[in-house]
Amino acid sequence: METVTHALAFPTTRPRLIATDLDGTLLRDDKSVSDRTVAALAAAEEAGVEVFFVTGRPARWMDVVSDHVHGHGLAICANGAAVVDLHRGRRFVRVRELPHGTALTVVKELRELAPEVSFAVERTGGIHYEPLYPQFHLDPGAVIAPVDELLSGGSEYSDQPILKLLAHHRELTPDGFLDMARRVAGHHAEFTRSSPSALLEISGPGVSKASTLALCCEQRGIAPEEVVAFGDMPNDLEMLNWAGSSFAMANAHPDVLAATPYRTSTNEDDGVAAVIERLLSLPATA
């Protein structure tokens, strides 16, 4: 299926910046980047359009796109908690951490809400998690311990800023868990989700894909209306609402489809590439 858009949705001029999520959006289901997408990203760079990868992934999981970020070399990771330079070994350029005390408060309140919840702590140096938390095969060196120990000031990792706190529940529905957590602890931190399971991603107050993208654009003198964004899950909503023009993938979460009037085909059908090709045929902004 080719690109599908509302008749009034498509921009009339070429954007200055394209912001795209990765999983379920730019990447195919096997986590690869298609040849068509690689060509579209290169063409955008050649046309002078900056591309930012904006993802919930940690910096260490960015190798899949490291060869396809051009020019500035930057990517926004961990739902806006970090800006990393993929041209310089995933070096942290900006960190927007989750305060230690806030993380402890959120743990306490979520435990009271859902006693069977398990936690993981994503720091700049890696992830560590509780014994019942689903283990990541990509992180074999993770420390496994109770969350109170993982957040302890005496931990050997305590000097590493916290990027995200993750909370998993085996029985609650993903959206139900998110709604419950926001009601109970949403005044302490930012809560979102991008996984098909009941896995919450918790960032510091005001930290999101949108707010960090806005900071990067402000540094470049790029206004929201000069940005086109792509996404598929709830953690993309703020970014999609902030950008001047936004496209939901055909495979997107219902909340994303409802909030975004512009559509493209699925990640399996190169939906991002199809829109980029059309955008590059437009005249540049005066």
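**Two sheets and the helices packed around them**

Val83 stands opposite Arg94 in E5. That pairing is a handy way into this predicted model, because it sits in a simple piece of the fold: strand E4 (residues 82-85) and strand E5 (residues 91-95) run antiparallel and are joined by four bridges, as bridges between strands decide pairing here. Together E4 and E5 make a hairpin, with five residues between the two strands. In the turn, Gly89 has a positive phi of about 65°.

The hairpin belongs to something wider. E5 and E4 begin the order of an open sheet of eight strands, which reads E5-E4-E3-E2-E1-E11-E12-E13. Pairing in this sheet is mixed. The antiparallel sense shows up between E4 and E5, while strand E2 (residues 50-54) and strand E3 (residues 74-77) pair in the parallel sense, over two bridges. There, Val54 of the chain stands opposite Ile76 in E3. What happens at the edges of the sheet? E5 stands at one of them and strand E13 (263-264) at the other, each with a single partner strand, so one side of each is left without a neighbour in the sheet.

Aromatic rings also turn up in these strands. The structure holds three aromatic pairs. One of them is formed by Phe230 and Phe247, and this pair is stacked, with 5.5 Å from centre to centre and 20° between the planes. Phe230 lies in strand E11 (residues 227-231) and Phe247 in strand E12 (residues 245-249), so the pair, with its partners 17 residues apart, links distant parts of the chain as strands are assigned here. Both E11 and E12 appear in the order of the eight-stranded sheet.

A second open sheet has five strands, in the order E7-E6-E8-E10-E9, and its pairing is antiparallel. Its edge strands are strand E7 (126-129) and strand E9 (190-192), each of which pairs on one side only. Direction ignored, neighbouring strands of this sheet are turned against each other by 20° on average. Strand E6 (residues 118-123) runs antiparallel to E7, and four bridges join the two. Within this pair, Ala120 stands opposite Tyr129 in E7.

Two helices pack on the five-stranded sheet. H4 touches E6, strand E8 (162-168), E9 and strand E10 (199-203), and its direction makes about 5° with that of E8. H6 touches E8, E9 and E10, with a direction that makes about 170° with that of E9.

H4 and H6 also pack on each other. Helix H4 (residues 100-113) and helix H6 (residues 174-185) meet at an angle of about 125°, and their axes are 10 Å apart. The two are therefore oblique to each other. H4 passes H6 in a right-handed crossing. Which residues of H4 meet H6? They are Glu109, Leu110 and Leu113, and on the H6 side the partners are Met180, Ala181, Val184 and Ala185. Sorted by class, this contact has six nonpolar residues, no polar ones and one charged residue.

Another helix pair is made by helix H2 (residues 35-46) and helix H10 (residues 271-279). Their axes come within 9 Å and cross at roughly 35°. This crossing is left-handed, whereas that of H4 and H6 is right-handed. From H2, the residues involved are Arg36, Thr37, Ala40, Leu41 and Ala44, which meet Ala273, Ala274, Ile276 and Glu277 in H10. By class, the contact of H2 with H10 has six nonpolar, one polar and two charged residues.

Key: Residues numbered from 1 in each chain as written. Predicted model: local features only at pLDDT ≥ 70, side-chain atom pairs only at ≥ 80, totals over all residues. Heavy atoms only, no water. Axes fitted to C-alpha atoms, helices over the stretch in contact; angles between N-to-C directions. Parallel < 35°, antiparallel > 145°, perpendicular 65-115°, else oblique. Left-handed = near helix turned anticlockwise from the far one by under 90°. Contact = heavy atoms within 4.5 Å. Nonpolar A, V, L, I, M, F, W, Y, C, P; charged D, E, K, R; others polar. Phe/Tyr/Trp six-rings, centres within 6.5 Å; stacked < 30°, edge-to-face > 60°.
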